[in-house]
Amino acid sequence: MQEFFQQLANGVAWGSIYALIALGYTMVYGTLRLINFAHGDVYMVGAFAAYFLARALGVGTVASASPLMAALVLLGSMAICAGLGVLIEFFAYRPVRKSSRITALITAIGVSLLLENAGILIFGPDPKFFPQVIAPRTIRLAEGVLVTNHQIMVVVVSVILMIALTLFIQRTRTGKAMRAVAFHRDAASLMGIPVDRIITITFAIGSALAAAAGFLVGLTNPKIEPLMGIMPGIKAFVAAVLGGIGSIPGAMIGGLLMGISEYMVVGYISSTYRDAIAFVILIVVLLIRPAGLLGRNVTEKV
Amino acid sequence: MIAARRVLGTLAAIAIVWALDWAASRTLNPYIYRVVVLCSINVILALSLNLVNGITGQFSIGHAGFMAVGAYASAAYTVYAVPLMFGSGYAQNGWLTAAAFLLAILVGGLVSAVAGFLVGLPSMRLRGDYLAIVTLGFGEIIRVAILNIDAVGGARGFAGIPPRTNLAWVLAGAWLTFAVIRNLMRSYHGRALLAIREDEIAAEALGVPTTRYKVMAFVIGAFFAGVAGALFSHYTYLHTNSFTFMKSIEVVIMVVLGGMGSLTGSILGAVLLTALPELLRFASAERLIIYSLLLIVLMIARPQGILGRRELSFRRRRAESASRPTLAA
């Protein structure tokens, strides 16, 4: 049983990271109906931005680690990635917005390849060791269940960000406009909602969340490299689809479910099957509920 | 008369293929020869994916999975079954070797087609992005499953496959794929596939069994992907890393870049995308950046792909363009 709880704890921490990335996918998909393939690479850039910020600030040794500095690094990398997301949207996605969706998808893949290869060129292909902006400590939750304070931080920061996002979308004027654009873009435009600006904001928020995920992953798995975004990116997208793409609570549930099931497979079956379990769950769920767990089933009008 | 012309055309094509191989193996340096072979394998992949994505209007991004099935099935057949069927000394005899390889290619294609049927049947309930992500998922599941089969090498890669593929085989494969898909497109069944692409609901209302046709397109696409895989596995080192979803996406890019629904477009896209990274080798560090930038710029400048839905033809463009639906995309 303690094995089960140990894997559960690991899975929740890892699943929170998937959930944070999945939020960006689901928000962009909700407004643009675009699978933003470059999102996983924005998460990679987030991790590297945090890496360089921490080094610039002189954090990195355990002696200089402090929660304030960590928060500064986190917010800084979120801001950098928000800017990156806005740039990507403006230069790559806006020109193809009127084209077919497959064209937009290929453009997104192009941006993804661009970020990966630019990352290899600028950061170098070899893994970098993420500085320990917070001193690691191991905490015993129960008999035989060990977690690190980093894992707890991952979960806490993710939950705070998710609550903030939910409040933002449900309670503010901009959030309301975002929901309106997601519901029906043309109608929203006719109601005087500045659709372009809302889409820009959506990209900024989604990319900032990905950067937060990048920072948190740097804390728990401190080896970052330019291709680290591919697999988590694709799995976070699967998590978003699993929860029902376009649905924000769906992305959170999907991410957690995915993280937990991966660690259960690692713990009980074999780590070589880890990359497949995400897709097995996805296919089973989609065959039963074709719109995902929380997705709306849209009836097609002729 | 027409039949005679077709037979002559086929014979001429076979003669051209062998002549090209004979000439190429003597004149081209090994590096260029290799690029041409890989180009042709990619042409087969792009054409077969175009049948699913361009002609039938579905969206599959798991093509590498079927290629992997074909590659491993045919390789396992060659390594384990062929010595039993033909005797261990069969490699001394050129005709026997060729026959064994032809059988291996067919085994690869057929096993892959069966996989395509098993994947396609449940997937075809889904549409659009959901279908895309499920095909991607199946592709990854296939890859991870193969990775865990020890008899085909698992994570070490599958060693000991005799090299059998040469330019003649891949050119013949590409030509056959092209011919089959082009003739299919012009047939009664091909019209049904095009009808599904243009409007699935209208096609269904007119009595086209849409699910059956979608699965059919998927199975044929998987068959040729398996053929491409078989040619690949008998040419170069075989490891599941060659079949990640990046490979699937590469094939999707070939199809979209050439023009969805255009067969000659797929050929063009496959050749361009295989040759481009090689041509950019002078800028070794930046070449993949240039490649991805070109991709973005091309999509912005020409969203319908290089050829759109048109076909390149040596002959005058005849009734073909008129007989195809001309609904603007």
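This is a short talk about how two chains, A and B, pack within and against each other in a predicted model.

Hi everyone, and thanks for coming. Please keep in mind throughout that this is a predicted model.

Let me begin where the chains meet. The contact draws 33 residues from chain A and 31 residues from chain B. On the chain A side, α4, α9 (230-243) and α11 (274-288) each supply at least two residues. Which of the elements gives the most to that side? It is α4(A), with 12 residues. By class, the side of chain A that touches chain B has 25 nonpolar residues, seven polar and one charged.

Since α4(A) gives the most, let's follow it across to the partner chain. Helix α4 of chain A, residues 101-123, meets helix α10 of chain B, residues 245-258, with the two axes coming within 11 Å and crossing at roughly 130°. That angle falls outside the 65 to 115 range for roughly perpendicular and is not over 145, so α4(A) and α10(B) are oblique to each other. The crossing in which α4(A) passes α10(B) is left-handed. Who makes the contact? From α4(A) we have A:I102, A:I106 and A:I109, and from α10(B) come B:I249, B:I253 and B:V256. What classes do these residues fall into? Six are nonpolar, with no polar and no charged residues in this contact of α4(A) with α10(B).

Now let's go inside chain A, to the N-terminal helices. Helix α1 of chain A covers residues 2-32 and helix α2 of chain A covers residues 39-56; their axes come within 10 Å and cross at roughly 135°. Therefore α1(A) and α2(A) are oblique to each other as well, and their crossing is right-handed. On the α1(A) side the contact has A:I21, A:G24 and A:Y25, which meet A:H39, A:G40 and A:Y43 in α2(A). The classes here are three nonpolar, three polar and no charged residues.

In the loop between α1 and α2 of chain A sits A:R33. What is the phi of A:R33? The value is near 55°, which is positive in a residue other than glycine. As a reminder, most residues other than glycine have a negative phi. A:R33 has 15 C-beta neighbours inside 10 Å and so counts as partly exposed.

Two residues of helix α8 tie into this region, so have a look at them together. A:A210 lies in helix α8 of chain A, residues 195-220, and A:G206 is found in helix α8 too. Are they buried or exposed? A:A210 is buried, with 38 other C-beta atoms within 10 Å, and A:G206 counts as buried with 28 C-beta neighbours inside 10 Å.

Beyond its neighbours within four places in sequence, A:A210 is in contact with residues including A:I21, A:G24, A:H39 and A:Y43. With the same exclusion, the contacts of A:G206 include A:G24, A:M27, A:V28 and A:H39. You may recognise A:G24 and A:H39 from the contact of α1(A) with α2(A). There are also long jumps along the chain: A:A210 and A:S77 are 133 residues apart in sequence, yet 9.7 Å apart in space from C-alpha to C-alpha. For A:G206 and A:M78, 128 residues apart along the chain, the C-alpha separation is 9.8 Å.

Next, a pair of strands. Strand β2 of chain A, residues 138-142, has five residues, of which the number buried is zero, so β2(A) lies largely in the open. Four bridges join β2(A) to strand β3 of chain A, residues 145-148, and the two run antiparallel. In that pairing, A:R140 stands opposite A:L146 in β3(A). Together β2(A) and β3(A) form a hairpin with two residues between them, and A:G144 in the turn has a positive phi of about 80°.

Last stop, a helix pair within chain B. Helix α7 of chain B, residues 188-198, packs against helix α9 of chain B, residues 210-233, at an angle of about 105°, with the axes 10 Å apart. Those two, α7(B) and α9(B), are therefore roughly perpendicular. B:A192, B:L193 and B:I196 in α7(B) meet B:T210, B:Y213, B:K214 and B:A217 in α9(B). This contact divides into five nonpolar residues, one polar and one charged.

That's my tour. Thanks for listening!

Terms used: Residues numbered from 1 in each chain as written. Chains lettered and ligands numbered in written order. Predicted model: local features only at pLDDT ≥ 70, side-chain atom pairs only at ≥ 80, totals over all residues. Axes fitted to C-alpha atoms, helices over the stretch in contact; angles between N-to-C directions. Parallel < 35°, antiparallel > 145°, perpendicular 65-115°, else oblique. Left-handed = near helix turned anticlockwise from the far one by under 90°. Contact = placed C-beta atoms within 7 Å. Nonpolar A, V, L, I, M, F, W, Y, C, P; charged D, E, K, R; others polar. Buried ≥ 20, exposed ≤ 12 C-beta atoms within 10 Å, placed from the backbone. Pairing = 2+ DSSP bridges.
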